[in-house]
Amino acid sequence: MKSNKEKMIQVIIPSVFKELLTLKKRIKLYYGGRSGGKSYAFADSLLLKGREEKLFIVCLREIQSSIKDSVKKLLEDRINHYGFQDYKVFETKIENQMTGTVFSFKGLRDQDPQKIKSLEGADIAWIEEAQTISKKSFDILLPTIRKPNSEIWISMNRELENDPVWVALGANPDENTFVKKVNYYDNPFCPQEMIELALKTKKSAPDDYAHIWLGEPVSEASCKLIQPLLIKKAQSGQFFETSSPLVIGLDIARFGDDESVFCFRKGRVVERFEVFKKKDTVAIADIASRYLEELHPKKLFMDIGANGAGVYDILTDRGFAPQIKGIFFGAKASNPDRYVNKRAEMWDGILSFLSQDLPVLLPPDEMLFADLTSVNKKYDPMGRLQLESKEEIKKRLGRSPDRGDALALTFAAPVYETKETSFQKTHLFGAGCIQAADLFPKSRYYGW
Ligand SMILES: Nc1ncnc2c1ncn2[C@@H]1O[C@H](COP(=O)(O)OP(=O)(O)OP(=O)(O)O)[C@@H](O)[C@H]1O
Ligand SMILES: [Mg+2]
């Protein structure tokens, strides 16, 4: 007998989930974006069902290193929220003392066949975060849940076009499978801050909004920062003269990479890349000194992470400080509202450079093409552009996108085309040379 107090408990499950409790189907798959109410609705529905009759409910996910990874905590919270006295929570399971219903929690990966067998008696299997389920796990699981009238409940956010569970069940559902999409706007309990975050993303990054909040899978193309067509166009353009000043970007080999790359850009013309293998700090500083002395770039932007710091120090010692600027890829962006770090900001500089409706030229270099298309973008919760980590890119590309990084460095800060004054013309750069500032240290004409 349930107490009078308990009889008054009201459980509200959003109507979009009504089929969980009302429809008889072997498979029920709910998918969609964040905050659709899936986890709560599944938990509440299972708790209600478990109070009506004796059920063996298995809550599954791909990896469950500890019980903390499971939905046990959510079920526990909902039991406490409703004040269900008939449920008793144990260390690794939850039991209903009236009906004998048992909830158990398992990770599918690393399950030995013996343990998988224990799922055979399940009445309901809830697969949470099913987008992470591997093909192997899924192929073992499906025939294991085979008790007559058993059901498989699946909740997932779409990740890729070919998520195994989606391909097997969602893409072409058969008559035993019920599929329903559910998003944050279907969830009457969706917290206000989540709605605001969703609408902010909708404005700043529509592709990410479609993926994160509308549950669309990420398509290969939409996550690339720079579309291949833009690069092809710039690589096949006709050469044109430019009077813009030279800017050099220098990406310095680090962490086992062996290539240091100089990029030479004049305005909208990227003239060339020079690549140096297996050179130490002093050798790179010597090469950079030569370029600085002979080519007089308006600015040389150089990476000063890891080995770059040494090269920077040598160049500063040699008197090149006014011509060089050190850049940390991880540093704060000039526009921190739009970019997670300097690296994202500089790479977005390449994108703007290639996207403008003006002539633009890139060398027809296949490795440059591969570098520029290798970088995937994402957005942080504040809607700021963030690039995939260098490690992730390296895994896919088999190397670092050094040419891309060198080009990105040329966009580290705007370089203006100023008319040189006669004082500036007397400024002599280079090792052992006397600088104008040395001759007139107090001169008001020198800001250095
Ligand atoms: N029945 C409910 N009662 C109260 N709040 C609820 C209820 N259902 C959902 N919510 C609120 O909506 C939020 C999102 O719900 P839930 O976590 O179930 O969504 P989800 O679809 O599983 O999202 P995600 O994809 O982020 O896991 C919850 O954190 C909670 O604040
Ligand atoms: Mg969830």
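Which residues come nearest to ligand 1? In this predicted model, Gly-36, Lys-38, Ser-39, Tyr-40 and Phe-189 come nearest, out of the 14 residues around ligand 1. Sorted by class, the shell around ligand 1 holds 6 polar, 5 nonpolar and 3 charged residues.

Before going further into the details, it helps to look at the chain as a whole. The protein chain contains 18 helices and 15 strands. Of its 448 residues, 35% count as buried. Contacts that span long stretches of sequence are well represented: among those between residues at least 6 apart, 73% join residues at least 24 apart. The mean pLDDT of the chain is 87, with 89% of the residues at 70 or more. Residues 419-448 call for some care, as the pLDDT is below 50 over this stretch. Beyond near neighbours in sequence, residues 419-448 have 29 contacts in the model. Where pLDDT is low, the predicted coordinates should not be read in detail.

The buried interior can be followed through its nonpolar cores. The largest of these has 49 residues, and the members that touch the most others are Leu-250, Cys-263, Met-302 and Leu-409. Helix H13 supplies the largest share of this core, 5 residues. A second, separate core has 45 residues, including Phe-17, Leu-108, Leu-169 and Val-182. Cys-263, named above for the largest core, offers a good place to look at the packing residue by residue. Leaving aside neighbours within four places in sequence, Cys-263 is in contact with Ile-248, Gly-249, Val-270, Phe-273, Arg-403, Ala-406, Leu-407 and Thr-410.

Arg-403, Ala-406 and Leu-407 are also among the buried residues of helix H16. This helix is mostly covered, with 8 of its 8 residues buried. Asp-402, Gly-404, Asp-405, Ala-408 and Leu-409 are the other buried residues of H16. Leu-409 in turn appears among the residues with the most contacts to other members of the largest core.

Helix H14, residues 366-373, has Leu-368, Asp-371 and Leu-372 as its buried residues. These residues lie on the same side of H14, because they cover an arc of only 90° around the axis. An α-helix has 3.6 residues a turn, so residues three or four places apart point the same way. The partners of this buried side are helix H10 (228-235), strand S11 (269-277), helix H13 (342-355) and helix H16 (402-409).

Contacts also reach from helix H15, residues 390-397, where Leu-397 is placed. Leu-397 has 17 other C-beta atoms within 10 Å and is therefore partly exposed. Not counting residues up to four places away in sequence, Leu-397 touches Ala-370 and Ser-374. The C-alpha atoms of Leu-397 and Thr-373 are separated by 9.9 Å, although the two residues are 24 apart along the chain.

Several loop positions deserve a closer look, starting with two unusual backbone angles. Most residues other than glycine have a negative phi. Ser-35 departs from this pattern, with a positive phi of about 65°. This serine sits in the loop between strand S1 (27-31) and helix H3 (38-52). Is Ser-35 buried or exposed? Ser-35 is buried, as 24 other C-beta atoms lie within 10 Å. Lys-278 likewise has a positive phi without being a glycine, with a value near 45°. The loop that carries Lys-278 runs between S11 and helix H11 (281-295). In contrast to the buried Ser-35, Lys-278 counts as exposed, with 9 C-beta neighbours inside 10 Å.

Two further loop residues can be placed in the fold. Cys-223 is located between helix H9 (206-213) and H10, and counts as partly exposed, with 15 C-beta neighbours inside 10 Å. Val-218, Asn-376 and Lys-377 are touched by Cys-223, residues up to four places away in sequence not being counted. From Cys-223 to Asp-207, 16 residues away in sequence, the C-alpha to C-alpha distance is 8.1 Å. Lys-68 belongs to the loop between strand S2 (56-61) and helix H4 (72-82). With 8 C-beta neighbours inside 10 Å, Lys-68 counts as exposed. Its C-alpha atom and that of Thr-92 are separated by 9.7 Å, for a spacing of 24 residues along the chain.

Key: Residues are numbered from 1 along each chain as its sequence is written. Chains are lettered from A and ligands numbered from 1 in the order in which they are written. This is a predicted model: local features need pLDDT of at least 70, side-chain atom pairs count only at pLDDT 80 or more; totals for chains, interfaces and linings use all residues. A residue is buried if 20 or more other C-beta atoms lie within 10 Å of its own, exposed if 12 or fewer, and partly exposed in between; C-beta atoms are placed from the backbone. Helices (H or I, at least four residues) and strands (E, at least two) are DSSP runs, numbered from the N terminus. The arc is that of the directions from the helix axis to the C-beta atoms. Two residues are in contact if their C-beta atoms, placed from the backbone, lie within 7 Å. pLDDT is the predictor's confidence in each residue, from 0 to 100. A residue is near a molecule or strand if its C-beta atom, placed from the backbone, lies within 6 Å of it. Ala, Val, Leu, Ile, Met, Phe, Trp, Tyr, Cys and Pro count as nonpolar, Asp, Glu, Lys and Arg as charged, and the others, Gly among them, as polar. A nonpolar core is a set of buried Ala, Val, Leu, Ile, Met, Phe, Trp, Tyr and Cys residues joined through C-beta atoms within 7 Å.
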